[in-house]
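Thanks for sharing this one; here are some notes to read alongside the model. I have set them out as numbered points, so pick whichever is useful to you.

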Amino acid sequence: MTKKLHEPLLVVEDSNEDFRMLQRLMRRMSVQNPIHRCTNGDEVLEFLYQLGKDSYAKGESPPNPKVALRPSVILLDLNLPGIDGRDILDRLKQDKSFKGIPIVVFTTSSNPKDIELCYQKGANGYLVKPMDAQELKKTIQAFVDYWLEANTPPVLD
């Protein structure tokens with residue numbers, strides 16, 4: 001079954017290995033939507049603000065039609081070079097133009113303080129990266145299911 005959404009996913013991940021694994025698993029799950037990647041916190045802010053912050057606030061299309069659509073979900077690693085993932089989460093959830101984008105934290109940190117902090121800052125989910133390949137597949141499947149559910153419009157009669 002092909003799973004097609006209208007909006008892309010933004011993955012904020014500095015590890016090439018983790019990103020390739022994520023792409024591979026999503027391909028196996030037949031997710032065909034564009035996946036954009038940023039490798040550090042500065043790149044995330046630049047990417048999102050380039051998309052047209054003001055346009056989103058007004059419900060308009062981005063000023064440059066060649067620029068990607070607004071991500072429907074952000075999958076965010078916490079430990080990033082440059083601006084830390086915790087700060088990115090805080091900034092995006094404080095910004096009225098971006099606070100509506102669901103952010104799922106995807107990190108190796110199982111520290112209860114990180115989990116609590118991220119939920120306090122507005123994270124919509126928190127997934128700990130498992131070391132086992134089967135567990136990783138289950139975690140990614142749970143994320144894809146969340147993504148599809150969060151972005152499927154209701155059926156009208």
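1. A word on terms to begin with: helices (H or I, at least four residues) and strands (E, at least two) are DSSP runs, numbered from the N terminus. With that in hand, look at the end of α5, where glycine 122, just after the helix, takes a positive phi of about 110 degrees. Please keep in mind throughout that this is a predicted model.

2. Now the overall layout. The protein has six helices and five strands, and along the sequence they follow the pattern β-α-β-α-α-β-α-β-α-β-α. Of the 157 residues in the protein, 45% are buried.

3. β1 is a good place to start in the sheet. Which strands does β1 pair with? One partner is β2 (residues 35-38), which runs parallel to β1 and is joined to β1 by four bridges; here leucine 9 stands opposite isoleucine 35. Another partner is β3, also parallel to β1 and joined by four bridges, with valine 12 opposite leucine 76. As for connections, β1, α1 and β2 form a right-handed β-α-β unit.

4. Are the faces of β1 covered or open? Both are covered: Leu9 and Val11 lie on one side, Leu10 and Val12 on the other, and all of these residues are buried.

5. Just ahead of this strand, glutamate 7 sits in the segment before β1. Its C-alpha is 5.5 Å from that of serine 72, although the two residues are 65 apart in sequence. Glutamate 7 has 35% relative accessibility, so it counts as partly exposed; the partly exposed range lies between 20% and 50%.

6. The other strand pair worth a look is β4 with β5 (residues 125-128), which are parallel and share four bridges. Within this pair, threonine 107 has valine 128 of β5 as its bridge partner. Between the two strands the chain passes through helix α5 (residues 112-120), and this β-α-β crossover is right-handed.

7. Helix α5 also has a cap you may like to check by eye. At its N-terminal end, asparagine 111 is the capping residue, with a side-chain oxygen 2.7 Å from the backbone nitrogen of lysine 113.

8. What about internal space? The search of the whole structure turned up one cavity of 30 Å³ or more, and the largest cavity has a volume of about 40 Å³. β1 (9-12), α1 (16-28) and β3 (73-76) are the elements that give two or more residues to its lining. The lining consists of Val11, Val12, Glu13, Asp18, Leu22, Leu75, Leu76, Asp77 and Phe106. By class, that makes six nonpolar, no polar and three charged residues. Two of these names have come up already: Val11 and Val12 are among the buried residues of β1.

9. The largest pocket holds about 250 Å³ of space. Which elements give two or more residues to the lining of the largest pocket? They are α1 and α6 (133-150), and α1 gives the most, with six residues. In total 15 residues line the pocket, and Glu17, Asp18, Met21, Pro130 and Leu136 lie nearest its centre. By class, the lining has eight nonpolar residues, one polar and six charged. Asp18 deserves a second glance, as this residue belongs to the lining of the largest cavity and also to the group nearest the centre of the largest pocket.

10. Aspartate 95 is another residue I would point out. Its place is in the loop between α4 (85-94) and β4 (103-107). Why does aspartate 95 count as buried? Because its relative accessibility is 9%, and buried means under 20%. The side chain of aspartate 95 makes a polar contact of 2.5 Å with the side chain of tyrosine 49.

11. Finally, a backbone detail to set beside glycine 122. Serine 30 is not a glycine, yet it has a positive phi of about 65 degrees. This serine is found in the loop between α1 and β2. Serine 30 counts as partly exposed because its relative accessibility is 22%.

Notes. Residues numbered from 1 in each chain as written. Predicted model: local features only at pLDDT ≥ 70, side-chain atom pairs only at ≥ 80, totals over all residues. Heavy atoms only, no water. 1 Å grid on protein atoms, 1.4 Å probe; cavity = no way out; pocket = protein on both sides within 12 Å on 5 of 7 lines; lining within 4 Å. Points joined across faces, edges and corners; volume = space filled by probe spheres on them. Nonpolar A, V, L, I, M, F, W, Y, C, P; charged D, E, K, R; others polar. Buried < 20%, exposed > 50% of the residue type's maximum accessible area, 1.4 Å probe, protein only. Pairing = 2+ DSSP bridges. Right-handed = clockwise from strand over helix to strand, strands pointing away. Polar contact = N/O pair within 3.5 Å; in protein donor to acceptor, adjacent residues only side chain to side chain.
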